[in-house]
Amino acid sequence: MSRGSSGIVAGLTAAALVAVGVLAFQASANVPANLAAPKPKVTATATEHAKPKEKSRPVALPKGSGTGKRVVYALENRRVWLVDADGKVDRTFEVMPSALNPRPGTYQVNTPRSGAPTKGSDGVMIEHVVRFAVVDDVAVGFSAAVDGSMESPDPTLKTGGVRMSREDGDAMWGFAMVGTKVVVLP
């Protein structure tokens, strides 16, 4: 093979690899939550010391969280409640707080929601973005990582994504329309 043709083959191979990578990313971004591969569970061995148990986070709706249809977000408990107009909890789940947290108070879902996968302020691909506050010129909102991760945010970055599982993100997306009240508790 001549030098010119080997360069063409190398270029075509590189283009094919890029195309496969793009298609693989698109496919992974659109996998339904119920088809996502379960993450392996870590088990302790005889040589490891058991970690102390994390502080118990109550699941009961906190008193003083308001009335009517609302999203209740308890910062310290790292928990969200979706409460219907009659005050009944439709769903509750744990979340990973953002690096920037809004002050306790009442907010509203205030911008058009974004359901399409997009890159979050921390570089993670996210979906079902429901924004409700601004802290230090950074939008704060609920979102689900496309890969299902709920990692602690990098404290050196100004990020506003309150992360939840994809399943909980689907529930939030269906519940919190523009104008829905969001009550943030300490």
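Start at V134, which stands opposite A139 in strand β7. This is a predicted model, and that facing pair is a handy way into it. V134 belongs to a stretch where β6, covering residues 125–135, pairs with β7 in the antiparallel sense, over seven bridges. Follow the chain around the turn and you'll find a hairpin with two residues between the strands, where D136 takes a positive phi near 50 degrees.

Now stay on β7, which runs through residues 138–145 and is mostly covered: seven of its eight residues are buried. What does β7 have besides β6? Strand β8, residues 161–164, runs parallel to β7 and is joined to it by four bridges. To find that connection by eye, look for F142, whose bridge partner in β8 is V162. So β7 has an antiparallel pairing with β6 and a parallel one with β8.

F142 is worth a second look, this time for its ring. F142 is part of an aromatic cluster together with Y73, Y107 and F132. How many aromatic pairs does a search of the whole structure find? There are three. Take Y107 and F132: their ring centres sit 6.0 Å apart with the planes at 70 degrees, so this pair is edge-to-face. Pairs count as edge-to-face when the planes are over 60 degrees apart, and 70 degrees is the angle here. The contact also links distant parts of the chain, as Y107 is in strand β4 (residues 105–108) and F132 in β6, 25 residues apart.

Are the two partners buried or exposed? Y107 is partly exposed, at a relative accessible area of 22%, while F132 comes in at 1% and counts as buried. The cut-off for buried is under 20%, which is why Y107, with its 22%, is put down as partly exposed.

From F132, move on to F142. These two rings are stacked, with 4.9 Å from centre to centre and 25 degrees between the planes. F132 lies in β6 and F142 in β7, so the pair ties together parts that are ten residues apart in sequence. Both of these phenylalanines are buried. F132 therefore has an edge-to-face partner in Y107 and a stacked one in F142.

One last stop involves a charge and a ring. Look for K69, which lies over the face of F175, at 4.6 Å from the ring centre.

Notes. Residues numbered from 1 in each chain as written. Predicted model: local features only at pLDDT ≥ 70, side-chain atom pairs only at ≥ 80, totals over all residues. Heavy atoms only, no water. Buried < 20%, exposed > 50% of the residue type's maximum accessible area, 1.4 Å probe, protein only. Pairing = 2+ DSSP bridges. Phe/Tyr/Trp six-rings, centres within 6.5 Å; stacked < 30°, edge-to-face > 60°. Lys NZ or Arg CZ within 6 Å of the ring centre and 35° of its normal.
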